[in-house]
Amino acid sequence: MDSRSYGNLTDPDLKQLQTIIRLLFPEKKRDVKEVVRVCELSYDKELLAKEGIKVMDWVFDDGGVPTVEIIDEWMALLKTRFMETPESCVAVHCMAGLGRAPLLVALALMEAGVQYEDAVENIRAKRRGAINAKQLRFLEKYRSKDRLRAKWFKWYKKNTGASDGKPCCIQ
């Protein structure tokens with residue numbers, strides 16, 4: 001499995017959060033340090049904070065698109081996280097896991113050099129029905145600034161011996 005991933009969680013309840021913490025975080029298999037919540041607040045951040053995981057609330061409308069500020073913060077977080085710990089994972093979730101979270105993942109893939117059609121196809125292969133028509137139009141018009149591309153990929157290849165240049169997976 002590739003070393004960098006974006007986890008897409010549906011709206012987790014307390015039991016699901018405890019399961020996630022128990023299964024993933026004690027062993028640090030994914031080295032999750034941040035969870036990005038793009039939906040309405042539905043659980044207490046403290047459960048994750050106790051495990052050293054920071055929850056960021058970057059809420060935007062269901063079925064909608066993020067603001068420029070949210071996109072900039074998302075890209076800055078990913079760039080920082082993957083430069084510091086390339087093997088880590090940043091989890092992102094919304095309520096149903098079909099719109100807002102997959103949209104942010106698609107934007108990250110595009111900033112890493114993936115064409116929007118391929119990003120959507122990859123995400124839909126893992127999450128059928130993800131990304132609505134409005135969000136698809138947004139992705140089609142979105143112009144990448146390559147914020148997650150050139151320098152990071154060179155560093156990743158040099159330091160991990162990867163040859164495919166695709167250090168990202170979607171779960």
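## Helices 5 and 6

The axes of helix 5 (residues 116-126) and helix 6 (residues 133-141) come within 9 Å of each other and cross at roughly 145°. This is a predicted model, so please read every value here as computed from that prediction. On the helix 5 side, the residues that take part are Y116, V120 and R124, and they meet L136, L139 and E140 of helix 6. By residue type, this contact divides into four nonpolar, no polar and two charged residues.

The loop that joins this pair is worth a look too. I131 lies in the loop between helix 5 and helix 6, and I131 has a positive phi of about 70° although it is not a glycine. With a relative accessible area of 3%, I131 is buried.

## Helices 3 and 4

Another helix pair can be found earlier in the chain. Helix 3 covers residues 68-84 and helix 4 covers residues 100-111; their axes come within 11 Å and cross at roughly 60°. Helix 3 and helix 4 are therefore oblique to each other, and their crossing is right-handed.

Which residues of the two helices meet? Helix 3 brings I70, I71, W74, M75 and L78, while helix 4 brings L104, V105, L107, A108 and E111. The residues of this contact divide into nine nonpolar, no polar and one charged.

## M110 and its neighbours

M110 has its place in helix 4. Is the residue buried or exposed? M110 counts as buried, at 7% relative accessibility.

Leaving aside residues up to four places away in sequence, M110 touches Q115, Y116, A119, L139, Y142 and S144. Two of these names have come up before: Y116 of helix 5 and L139 of helix 6 also take part in the contact between those helices. If you follow the chain further, R147 sits 37 residues from M110 in sequence, and the C-alpha atoms of M110 and R147 are separated by 9.3 Å.

## D146, a second positive phi

Just as with I131, there is a positive phi at D146, here of about 55°, although D146 is not a glycine. D146 is found in the loop between helix 6 and helix 7 (150-160). Where I131 is buried, D146 counts as partly exposed, at 38% relative accessibility.

## The cysteines

How many disulfides does the model hold? The count comes to zero. Why are C39 and C94 not bonded to each other? The sulfur of C39 has its closest cysteine sulfur in C94, at 6.5 Å, and that is too far for a bond, since a disulfide needs the two sulfur atoms within 2.5 Å. Seen from the other side, the closest cysteine sulfur to that of C94 is in C39.

Both residues are away from the surface by their accessibility values: C39 is buried, with a relative accessible area of 0%, and C94 counts as buried at 3%.

## The chain as a whole

Stepping back, the chain has seven helices and five strands. From the N terminus on, the elements run β-α-β-α-β-α-β-α-α-α-α-β. Helices 3, 4, 5, 6 and 7 discussed above can be placed along this order.

Of the 171 residues of the chain, 48% count as buried; C39, at 0% relative accessible area, is one of the buried residues. Among contacts between residues at least 6 apart in sequence, 70% join residues at least 24 apart.

Methods. Residues are numbered from 1 along each chain as its sequence is written. This is a predicted model: local features need pLDDT of at least 70, side-chain atom pairs count only at pLDDT 80 or more; totals for chains, interfaces and linings use all residues. Side-chain values use heavy atoms; hydrogens and water are left out. Axes are lines fitted to C-alpha atoms, for helices over the stretch in contact, and angles run from 0 to 180 degrees between N-to-C directions. Helices (H or I, at least four residues) and strands (E, at least two) are DSSP runs, numbered from the N terminus. Angles under 35 degrees count as roughly parallel, over 145 as roughly antiparallel, 65 to 115 as roughly perpendicular and the rest as oblique. A crossing is left-handed if the near helix is turned anticlockwise from the far one by less than a right angle, and right-handed if clockwise. Contact means heavy atoms within 4.5 Å. Ala, Val, Leu, Ile, Met, Phe, Trp, Tyr, Cys and Pro count as nonpolar, Asp, Glu, Lys and Arg as charged, and the others, Gly among them, as polar. Buried means under 20% relative accessible area, exposed over 50%, partly exposed in between (1.4 Å probe, protein chains only).
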